[in-house]
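Work through the exercises below with the sequence and the structure open beside you. Try each task before you read its solution.

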Amino acid sequence: MYDFNYHRPASATDAAAARKAAADGVYLAGGMTLLPTLKQRLARNSDVVDLAAAGLAGIGRDGGTITIGAMSTHDSVATSSEVQSAIPALAALAGGIGDPQVRNRGTIGGSIANADPAADYPAAVLGLNATVHTDRRDIKAGDFFTGMFETALDDGELITKVTFPVPAAAAYAKFANLASRYAIVGVMAAKTGDGIRVAVTGAAGNAFRATAMEQALAGDFSAAALDGISVDADYNSDIHASAEYRRHLVGVMAKRAVGEIA
Amino acid sequence: MNANTTTTSGIGGSVRRREDSRFLQGRGRYTDDINIAGQAYAVFVRSPHAHARINGIDTAAATAAEGVVAVFTAEHTKDIGGVPTGWQVHSKDGEPMAEPKHPVLAEGMARHVGDPVAMVIAATRRQARDAAELVAVDYDPQPAVVDMKAALAADSTKVHADLPGNLCYDWELGDKAAVDEAFAGAAHVTKLDLVNNRLIPNAVEPRCAIGDFDSVSGEHTLYTTSQNPHVIRLLMGAFVLSIPEHKLRVVAPDVGGGFGSKIFHYAEEALVTWAAAQVKKPVKWTAERSESFMSDAHGRDHVTHAELALDADGKFLALRCSTLANMGAYLSTFAPCIPTYLHGTLLAGQYVTPAIYCEVKAVFTNTVPVDAYRGAGRPEATFILERIVDQAAAETGVDPAELRRRNLIKPEQFPYQTPVALQYDTGNYEATLDQALKAADYAGFESRRKQSAAAGKLRGVGLSCYIEACGIAPSNVVGSLGARAGLYEAATIRVNPTGSVVVLTGSHAHGQGHETTFAQVVSDMLGIDYDAVEIVHGDTAKVPFGMGTYGSRSIAVGGAAIAKAVDKIIAKGKKIAAHLLEAGEGDIVFENGAFKVAGTDREKSFGDIALTAYVPHQYPLESLEPGLEETAFYDPANFTYPAGTYVCEVEVDPDTGRVTVASFHASDDFGNLINPMIVEGQVHGGLAQGIGQALLENCVYDADGQLLSGSYMDYCMPRADDLPSFQVDTTVTACTHNPLGVKGCGEAGAIGAPPALINAVVNALNGGGHPIAHLDMPATPQKVWAAMQSN
């Protein structure tokens, strides 16, 4: 780890100001990716702006919307009675991220800002038609993930919260990398106010919607409706899973998610 | 032996491990816990290239950086000896193996990713790291060779310039003509191509070394994460640094797991020892985890073609195997003997196979050196044998258990001379087979298969009947086979004046529980309180000598040395007792901790004898020295041969290819058990590693020699939820040639588990309509799924 200036602002406004004033600043949320990167000297930032005291944690329900503060840990989402009752699939997804240490440090804001192609949360944000709220604007889920580790966030833009409309039903099925326990393929299927949504993470550079599946499910919401549907995407390929295997797993995980609901 | 087995702390008692309270409370004293006043910190600059010429190294900026004490490159270390090899193998043609120099710092050429190129020493670790980034190495990358078959090609890139074809040796064992003849007359021949996947050891504690030099006494001290400090002292002192033993102390304190990777002498140990004298400061180096991945010796990495000949009754006639064994870029300490004398010699397994022929080509590649890893050669042999036997059963339509049973060596055939040099002293293989099949309800598998099928899963059952050879010995035989060291063990029993006992053992514990097991042996033999026995190991300044711990040798060789030394204590005690009791020495018996005149009630306690030995007022000083301390060196007459049967059931998810271990039963014969609980723990650990190899772990290089599985994100270590709840039991045939009748249990699980797993996976796929003959390890979801698609 190289030297950096450490900031621990008491509000989102102060955090943005500290970040803006820095030559090459970076926000620190849970640090589950950033800290190993800094420790391995793969990144060298002039300033680290720790969001731990910025008042961005907290989970609430307002009618048909679940609001999750950006600094809410995975564990807090997994164990939130409001999330569990309103969107059990989201609680289950959060409870399946990493291991207990990761779940007690890692945050939803950090996860989606990092936009790891194998992270779980992007499937939830996209599949549940969430809105990402920043200190500057609101970003629809469909506009947020733009590439591998790429998002719509501008430089210094800070996620403050994520709002999830409560779906009629949703389920998340994940096939984990046995080593890292990230998703090789994760599929969130949901019946939302915006229609049927099927969102895939892990398989390609960023999370995407499997529109062919959504259309098939709109007519017949059953696992059988997905038979024979092969989702085209620019699939990742690595030592754990070929593109062909990932394509296959998208079908398997989608059926499992749908089967859980139907 | 005074087998006082009724007390729970004696031989046979499941005593809780006394070392665990410090380990579990974080109070162990590992090498990295040691800090010497004024110490500086070393960081190594390592090659990012698998193969690169080093045109030059500019150390000016690093040397000038804040806190830097010194920067060393090959220019400074070229007069230091290379890292030595402890075993010389000869090829078929009688020529000795190729043994290219393994410099402590790369000399003009880096040969694998992680090859150390420069050593930076600074006042703090951080300063050393900062300065290491300022070392400018002018690399000229060369084509790398990773694949063994490609490396053997005449036009291959040469890992070592003077070695065309990258061949280290081309070795053979067995009677080729007899094997060929048997194959010619065989009713059935089964053929199989197998890969034994490369593993990265991943001990929890990364390697660490601290060099210290006392300029007044001229004594060097090395604190290091080693399984055998005396061997390090010998190799490093004699071959690398030219330091005589009396000026070199090696300390291996608590060590957090080794699995073989800490047997070997590594360049970093020599460099910190050497540098401490150069810079006149203690020098400490601690590996980071990513450094461990690219600098700890790896394990396995064999590619084999095997053929088994059977007669019409399913009796094995002959076996032949041709193996390529990856040595990596340099020869690690014991690398040459692993694919040869610890592999070819095990190919008889538990079976009467009259003729066996094995040939092994050892190959250099631009990868991390490969050496012994838990099991070391024996898992590779067992995997070949237990896979091809299973495939032969499938091809001939005989139940795998039945085919094995027909070929087992029978109890009345011991001692049994195999056609591959070893002579097994004892065993009852049918007993472990029967016990395992019964305990695992092998007969009831079909109903469980149907249950799994009803739940959409493919269930398979797999067997493995393994043989293991522990406590490699005797020294004169291994010497004739190329070992450059003896393979005995030493022990000193120091009885204190008030009767407590200190045991100085040349074995080394790095998780095995020796402090408990050895104390049980001594307290049992001497009839004294278990808590009155202290076990000391891991310091060449305390322990007279030792060959250390590897190859499951500690109880069979180290424990036997302890027992021999205890016998000497008792013999001397009898002399003292005879004097005190005014009896003839021949009339004294030692029972339950007391020296007695046979047939009378006159006796002296062990404590009385100890005190008399050190306060020799009433003592035969004219004929007997005072004091009560004895040393024994024990050189075994033979290996010990643990054996067992493992039965494993797996479920395969046909949609994803994911394999889960449904059940695992292990029946082992380890001879007499000192502490059954510790033995069971050793089996659990071995099984976890065996299952890890079979299902999860895989070291992957790309074609350019970059390590793709260089962190836990990509190298999959087995975790608790990957494992079933193991069922473990034992049978006993006591070893015939050591005083405790013990065999060794540390590696069995890692040896026997992999073929049981793969046999079960293959069985599951065949039963599920996917006829396949073999699946290479690890049976990852992707690999299993792909096998199902193409079959």
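**Exercise 1. A helix and its surroundings**

Task: Find which elements of chain B the buried residues of α11(B) pack against, and which of its residues are buried.

Solution: Keep in mind throughout that this is a predicted model. Start with the packing: the buried residues of α11(B) pack against β13 (302-310), β14 (316-328), α10 (378-396), α12 (429-439), β18 (458-467) and α19 (748-767), which belong to chain B. Next, look along the helix itself, which spans residues 400-407 of chain B, and there you will find that B:Ala401, B:Leu403, B:Arg404 and B:Asn407 are buried. Viewed down the axis of α11(B), these buried residues fall within an arc of 165 degrees, so they line one face of the helix. Finally, turn to the N-terminal end of α11(B), which is capped by B:Asp399, with a side-chain oxygen 2.8 Å from the backbone nitrogen of B:Ala401.

**Exercise 2. Salt bridges within and between chains**

Task: Work out where the partners of the salt bridge between A:Arg19 and A:Asp155 lie, and then do the same for the pair A:Arg256 and B:Asp655.

Solution: A search of the whole structure finds 56 salt bridges over all chains, and two of these are taken in turn here. In the salt bridge between A:Arg19 and A:Asp155, the side chains meet at 2.9 Å, N to O. This pair links distant parts of the chain, since A:Arg19 sits in helix α1 (residues 12-21) of chain A and A:Asp155 in the loop between β9 (150-151) and β10 (159-165) of chain A, 136 residues apart. To classify A:Arg19, note that its relative accessible area is 13%, which is under 20%, so A:Arg19 is buried. For A:Asp155 the relative accessibility is 65%, which is over 50%, so A:Asp155 counts as exposed.

The side chains of A:Arg256 and B:Asp655 also meet in a salt bridge, at 3.2 Å, N to O. This pair crosses between chains, from A:Arg256 in helix α11 (residues 243-261) of chain A to B:Asp655 in the loop between β26 (643-652) and β27 (659-669) of chain B. A:Arg256 is partly exposed, with a relative accessible area of 32%, and B:Asp655 is partly exposed too, with 36%.

**Exercise 3. A pair in chain B and a network**

Task: Decide whether B:Lys596 is buried or exposed, and find which residues are joined into one network by salt bridges that share partners.

Solution: Begin with the pair of B:Lys596 and B:Glu591, whose side chains meet in a salt bridge of 3.4 Å, N to O. B:Lys596 has 18% relative accessibility and therefore counts as buried, whereas B:Glu591, at 37%, counts as partly exposed. As for the network, salt bridges that share partners join B:Arg46, B:Arg207, B:Glu268, B:Glu291 and B:Asp296.

**Exercise 4. Two aromatic residues**

Task: Describe where B:Phe239 is found and what it is in contact with, and then find which residues make a nonpolar surface patch with B:Tyr614.

Solution: B:Phe239 is found in helix α7 (residues 229-241) of chain B, where it is partly exposed, with a relative accessible area of 49%. Leaving aside neighbours within four places in sequence, B:Phe239 is in contact with B:Gly81, B:Gly82, B:Pro84 and B:Leu234. Its C-alpha atom is separated by 7.5 Å from that of B:Val83, a residue 156 residues apart from it along the chain.

Turning to B:Tyr614, you can locate this residue in helix α17 (residues 606-614) of chain B, and its relative accessible area of 31% makes it partly exposed. Together with B:Leu611 and B:Val615, B:Tyr614 makes a nonpolar surface patch of about 230 Å².

Terms used
Residues numbered from 1 in each chain as written. Chains lettered and ligands numbered in written order. Predicted model: local features only at pLDDT ≥ 70, side-chain atom pairs only at ≥ 80, totals over all residues. Heavy atoms only, no water. Patch = residues over 30% accessible without salt bridge, like charges linked within 9 Å, V, L, I, M, F, W, Y side chains within 5 Å. Areas by Shrake-Rupley, 256 points an atom, 1.4 Å probe, with all protein chains shown as cover. Salt bridge = Lys/Arg side-chain N within 4 Å of Asp/Glu carboxyl O. Helix = DSSP H or I, 4+ residues; strand = E, 2+ residues; numbered from the N terminus. Buried < 20%, exposed > 50% of the residue type's maximum accessible area, 1.4 Å probe, protein only. Arc of directions from axis to C-beta. Contact = heavy atoms within 4.5 Å. Polar contact = N/O pair within 3.5 Å; in protein donor to acceptor, adjacent residues only side chain to side chain.
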